[in-house]
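Please open the model in your viewer and keep the sequence panel beside it, since this tour moves from one selection to the next. At each stop the text says what to select and then what is to be found there.

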Amino acid sequence: MKKVSKSILIVLILDAIIFSLCALGIYLISLKIDLPIKFSVSNSSLIVKQVVSKISKISVGDKLISINGQRLSSQEEIEVLLDGLEEQTPVKIDFEKNGNQIFELVQPIKFYSSFYLIIVTITGILLLSIGIFVFLKKPENTAAKLFHWVIIGTTAIIMMTWGSYSFSPHWLGYFLRILFSFAYTISPAVFVHFTLKFPEEKKFNYNLILKILYSIALIISSLTSLSFLDVANTHTVQSIELYLMFFNLCRLFMILCIVSGLIIFIHSYKTAESEPERKKLRWILFGFVIGPLGFISLWVIPQAITSYGLIPEVFIILLMTAIPLSFAISILKYHALDIDLIIKRSIIYFVAVAGLVLVYTAMVVTITSVIRNVSELISSTVAAMIIAFLFQPAKSIIQRAVDKKFFRTQYDFRIATKNFFNEIKNCGSIKILASKIVEQSNLFLPMTKIGFFIYDPLKSRIRLAAHHNFNMLEGRSIYLNMKELKTDLPLPVAIPGKIESNIKIEEADNKVFRRWGIVLVIPIKSSTGELLGFLVLGEKKSGKRFSIEDVDLLLEVTLQSGLTLEKIKIHEELIHEQLMKEKLEELSRLKSFFISSISHELKTPLTSIKMFSELLLLKKKLYDTESEDYLEIITGECGRLERLIENVLDLSKIERGVKEYKFAEVELKTLLCNAMNLMSYQFKIEKCTVEQNICGEDCLIFADSDAVIGAIINLLSNGIKYSSDPKRILISLKKENDFLFLIFKNFGQGIAPEELHFITQPYFRSQNTKNKNIPGSGLGLALVQQIMSAHNGSLEIQSTPGKDCSFSLVFPRRM
């Protein structure tokens, strides 16, 4: 680590020194002078094309003979000669005017404007910053190092371009011009080296090629530097011509290097195996189109031929910033922006603007030629208004055409993913959400297996909600204690060899993942970072590694899943809270009703007991029959009171899970007889007739006698209460296969079909107007249901509303 830090420090010191020299280069550029005259070449002679400031003797069309006694034949030769002169030195110009040779002393002007110098300075700082940033991000990456030096060289080319070398001390100006020459050739060679390393190192042995390339660059730059020193010493035409010849070799070398690099990148793009590699190269090719190719086609080639660029030099410098930006994005964050979208938009706007410019030109020409006496201003204004109106429709039409013609796959995929995410957002249940994600994720990225797991923090377990090929985990849950994990899972967990190396992950337990056939696990979290589940993935069916695009898509899926899960859970909690509120309100209402009912139920027998006890005390002379009747009533009411209290206590025990049963083999007919005896008093006072249809065979069951008698008494009590006058109950006992059916049928209002499901719930009372007014606690049938469940039996209820109702106690038969 110390070695790396030391090397970084050395590089940064070199960068600082180079930038200081570049800053000095800007100063020398600011001293650069020019003539207030522009020339054009005609028959190998320089003819005055334009006079920038007023000069008494020189006019357009005059022929240049010499400058300071040197017969020059090109604008570049003039520029090299003037770079060696001091700013305030007048320049002697000999020229031919109307066949006569005349001379004039001309005061030079500034070559570059202040605006140009500001742009160059900003561009240089931007380039240097990008180069250093990429290097610091990946100091051990060879491609990043090479890119850094390419950018430093490009910065030197821009900020040390031809300036005044008459600066004192002269050796410093000479040194900067020599550095410029070396940067002009070494940087393109380093660029070719970079293309052989990025995005993947080329598989053939290219060391000899690089040695030859760097050697040529050094030779050309050395010859150019030596020829420049000759110019600085002699200022002769011959030395200037030699210097420009070698400098044109530098230009040719740069063009060949850039074209070679472009060819290498195109070849790499065609042979790239992965989409990330192709995406990196698309960024580079995009920068190529805007930067180097623009520089070569708009400046280098035109200047080599005509001594002038096609566009102002300041625009060339601005174009060059596209190089470091696109290359840096390709190296560091190629997936941060959608290069396909940028390319598409560039095509759209270029075609739209170019087309509308042609339309504009045609309209102006047509209007001025068809309609006479119309000024150019009016025709231009009309055409501009029409073009402004047409721009948006034209852009939309071109955009659709470009999308469908050149980006069909991305277009369809983008639409599909957009629809998919909208579907995720609208899922109303966890099951639907999980199934949708498994189905669609497997459609976009076919995998050997995929599972959507939900995490339960209360139980510390995860369960499978939906899956593809995770059959062994169906219906099972897996223990997961988050406290035992090393991290809170901020990143995907993956096997390193199955995912691209530039993706940040937590390394998985290789043994565990391979045992389950898992390659990648992405946590699903809420907006607050709470763990909600996992998206668990097997290998891609293509056999390829998961790319950054794959992971980005899956991360977006899990992000949307987390938000939707959070929404579903909040919705479920609200529903649960509402149901609980309603249930508590209903429970409160039922308990209030129960207290009221039980009070009435207790009061009735107590009233009877009190009344007949007082009669026994007050009446001195009572017949034996009367006393017996009173005592029978008191005993019956006490039994009735006892049964009511037992019901409350038994149900309380059952609800608390502490009710105990004492099972033994008993005769059901005997239990029925005992219950009938206990209820004889109530049959008598309610004037209820009981009919029995009992089978003659033994009816043995394994049961708790008291509990079964209690169940029978509750059904008999209900039969008495809900029978219409004259009250009648029909009791049947029969055998069917391995079961005994003890049936109690009463004849009254019956039970409504919609109430049958609730009739055995504690405290439930029928809403039937007639039944509603009958006193009762709502405990009887709930208790019977619990007793029958404890006996492995059942309570079956059948009802004909307005006619009758039957309750069947079904017991397993004791063989």
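In what order do the seven strands of the open sheet stand? Before selecting them, bear in mind that this is a predicted model. The order is β10-β9-β8-β14-β13-β11-β12, and the pairing within this open sheet is mixed. Colour β10 (477-479) and β12 (506-507) separately, because these strands stand at the edges with a single partner strand each, so that one side of each is left without a neighbour in the sheet.

Stay at the β10 edge and add β9, residues 461-468, to the selection. Strands β9 and β10 run antiparallel and are joined by three bridges. If you show side chains here, you can pick out Arg463, which stands opposite Ser477 of β10.

Zoom out for a moment to take in the whole protein. The protein contains 23 helices and 21 strands, and 46% of its 815 residues count as buried. When contacts between residues at least 6 apart in sequence are considered, 67% of them join residues at least 24 apart. If you switch on a surface display, the accessible surface comes to about 43200 Å², with 60% of it belonging to carbon and sulfur atoms.

Next, select residues 37-51 towards the start of the chain, where strand β2 (residues 37-42) and strand β3 (residues 45-51) run antiparallel and are joined by six bridges. The two strands form a hairpin with two residues between them, and Asn43, which is in the turn, has a positive phi of about 55°. Within this pair of strands, Lys38 stands opposite Gln50 of β3.

Which helices each supply at least two residues of the lining of the largest cavity? They are α1 (2-31) and α5 (170-197), so select both of them and look for the enclosed space. Rolling a probe the size of a water molecule over the atoms shows where empty space is left. The structure holds one cavity of 30 Å³ or more, and the volume of the largest cavity is about 70 Å³. To display its lining, select Gly25, Leu28, Ile29, Met160, Thr161, Gly163, Ser164, Tyr165, Gly173, Leu176 and Arg177. By residue class, this lining is made up of five nonpolar, five polar and one charged.

Now move to the loop between α21 (705-722) and β18 (728-736), which is where Pro726 is found. The peptide bond that joins Asp725 and Pro726 is cis, with omega at about -10°.

Continue along the chain to the loop between β18 and β19 (739-746), and select Asn737 there. Although Asn737 is not a glycine, this residue has a positive phi of about 55°. Is Asn737 buried or exposed? Asn737 counts as exposed because its relative accessibility is 70%, and the cut-off for that class is over 50%.

For the last stop, select Asn792, which lies in the loop between α23 (780-790) and β20 (794-800). Asn792 also has a positive phi of about 55°, although it is not a glycine. With a relative accessibility of 64%, Asn792 counts as exposed.

Technical notes:
Residues numbered from 1 in each chain as written. Predicted model: local features only at pLDDT ≥ 70, side-chain atom pairs only at ≥ 80, totals over all residues. Heavy atoms only, no water. 1 Å grid on protein atoms, 1.4 Å probe; cavity = no way out; pocket = protein on both sides within 12 Å on 5 of 7 lines; lining within 4 Å. Points joined across faces, edges and corners; volume = space filled by probe spheres on them. Helix = DSSP H or I, 4+ residues; strand = E, 2+ residues; numbered from the N terminus. Nonpolar A, V, L, I, M, F, W, Y, C, P; charged D, E, K, R; others polar. Buried < 20%, exposed > 50% of the residue type's maximum accessible area, 1.4 Å probe, protein only. Contact = heavy atoms within 4.5 Å. Areas by Shrake-Rupley, 256 points an atom, 1.4 Å probe, with all protein chains shown as cover. Pairing = 2+ DSSP bridges.
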